[in-house]
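Me: Could you take me through the sheet in this model, strand by strand, and show me what packs around it? I am new to this, so please explain the terms as you go.

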Amino acid sequence: MRGRQRKVGTAVNSQSLEGSTVLVIGTGGIALATARLSAAAGARVVIAGRSPDKVAAGAAATGAVAEHVDVSDEASIAALAERLGSVDHVVNLAAAPANVALPRLDHAALVRAFDAKVFGPALLASRLSITTSLTLFSGFIAWRPAAERVAMATANGAVAFLAQALAVELAPVRVNAISPGIVDSGSWDGLGQGKAGFLERTAAANPARRTGSPEDLADAALFAMTNPFMTATTLHVDGGGRVA
Ligand SMILES: NC(=O)c1ccc[n+]([C@@H]2O[C@H](COP(=O)([O-])OP(=O)(O)OC[C@H]3O[C@@H](n4cnc5c(N)ncnc54)[C@H](OP(=O)(O)O)[C@@H]3O)[C@@H](O)[C@H]2O)c1
């Protein structure tokens, strides 16, 4: 296990990101916030994704190094591993939602959803040389299924079990999952004028009486990266939305 220890109170119990390399996969709002907070904590950050323009913009906005990866493509993952060599922390935030009614759900959409969250991360774990932690992203819909969410509910559920399985196989590298609730990360912008009302209704129903910010989730990702005793765990950062 690598990562310098940092003092918290009187106990030395947390790994600092200072001087470490953090690979953030994805260019959505939570990925960019994770890159920003990791850089602020002293890490060298690499942002990787499949859309060169989005990766370049994300890297410019966060001071990260831009890299290419398509996690649905084994050769792309292997090439990234070759270029990067060893990395200390990996956070996968890739997601390919397939939110359609059951009669319209097809095999290709299911595969894309599982490629981004389950198969891709399993291959990342197998190909990349990781010294300290791997953090996966699940989602509250697995614990609170809703109509038109079969693909995402099952992919997110699989992420929680993938984290447990990888934690055993990659030990002492720690592997965890984070399960967000509804977060205004940019991914709801497609709702257009309906977005504000959707976020308000969600906040009113959540026990935390708010929706999440990208920073709420980035903070959890940093916790998963630096807490040396947390592994094989799914951390629910969902405002309590899964039980409301
Ligand atoms: N935001 C929420 O309310 C919410 C709720 C529950 C769970 N989550 C989870 O939290 C994580 C981050 O969410 P977010 O809203 O910040 O992100 P997001 O806006 O959904 O962005 C997803 C990212 O994944 C990338 N991606 C998709 N397929 C990929 C592939 N095969 N290879 C590489 N990159 C790929 C997309 O790239 P392109 O843009 O190039 O396609 C995009 O950058 C996701 O796992 C999401 O499911 C979010």
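Reply: Here is a walk through the sheet, followed by the helices and two single residues.

A word on the ground rules comes first. This is a predicted model, in which local features need pLDDT of at least 70 and side-chain atom pairs count only at pLDDT 80 or more, while totals for chains, interfaces and linings use all residues. Residues are numbered from 1 along each chain as its sequence is written, and side-chain values use heavy atoms, with hydrogens and water left out.

Let's begin with the names. Helices (H or I, at least four residues) and strands (E, at least two) are DSSP runs, numbered from the N terminus. Two strands count as paired if DSSP finds at least two bridges between them. In general, strands of a sheet pair through backbone hydrogen bonds, either parallel or antiparallel.

Now to the sheet itself. It is open and has 7 strands, in the order 5-4-3-6-7-8-9, with parallel pairing. At its edges are strand 5 (65–68) and strand 9 (233–237), each of which pairs on one side only. From one strand to the next, the twist averages 25°.

Start at the edge formed by strand 5. Its partner is strand 4, and the two pair in the parallel sense over 4 bridges. Within this pairing, Ala 48 has Glu 67 in strand 5 as its bridge partner. To get from strand 4 to strand 5, follow helix 2 (residues 52–62): together the three make a right-handed β-α-β unit. Right-handed here means that, with the strands pointing away from the viewer, the path from the first strand over the helix to the second runs clockwise.

Next, strand 3 is joined to strand 4 by 5 bridges, and these two strands also run parallel. Leu 23 has Val 46 of strand 4 as its bridge partner. Strand 3, helix 1 and strand 4 form a right-handed β-α-β unit. Strand 4 is mostly covered, with 5 of its 6 residues buried; buried means under 20% relative accessible area, exposed over 50%, and partly exposed in between (1.4 Å probe, protein chains only).

A helix lies over this part of the sheet. Helix 3 (residues 74–84) lies across strand 3 (21–25), strand 4 (44–49), strand 5 and strand 6 (86–92), and runs at about 145° to strand 5. For such angles, axes are lines fitted to C-alpha atoms, for helices over the stretch in contact, and the angles run from 0 to 180 degrees between N-to-C directions.

Let's move along to strand 8. Strand 7 (residues 129–137) is joined to strand 8 by 5 bridges, and the two run parallel. Here Phe 137 stands opposite Ile 178 in strand 8. Strand 7, helix 5 (residues 150–170) and strand 8 make another right-handed β-α-β unit. On to strand 9: 5 bridges join strand 8 (residues 174–180) to strand 9, again in parallel. In this pairing Asn 176 stands opposite Thr 233, and Ala 177 has Thr 234 as its bridge partner.

How many residues of strand 8 are buried? The count is 7 of 7. In a regular strand the side chains alternate between the two faces of the sheet. In strand 8, Arg 174, Asn 176, Ile 178 and Pro 180 are on one side, Val 175, Ala 177 and Ser 179 are on the other, and all are buried.

Now for the helix pairs. Two packed helices are described by the angle between their axes and the distance between the axes. The axes of helix 1 (residues 29–40) and helix 7 (residues 214–226) come within 8 Å and cross at roughly 55°. The two helices are therefore oblique to each other; angles under 35 degrees count as roughly parallel, over 145 as roughly antiparallel, 65 to 115 as roughly perpendicular and the rest as oblique. Their crossing is right-handed: the near helix is turned clockwise from the far one by less than a right angle, whereas anticlockwise would be left-handed. Among the residues that meet are Ile 30 and Leu 37 in helix 1 and Leu 217 and Leu 222 in helix 7. Contact means heavy atoms within 4.5 Å.

Finally, two single residues. Thr 226 lies in helix 7 and is buried, with a relative accessible area of 11%. Leaving aside neighbours within four places in sequence, Thr 226 is in contact with Ser 14, Gln 15, Leu 17 and Arg 174. Val 243 sits in the segment after strand 9 and counts as exposed at 63% relative accessibility.
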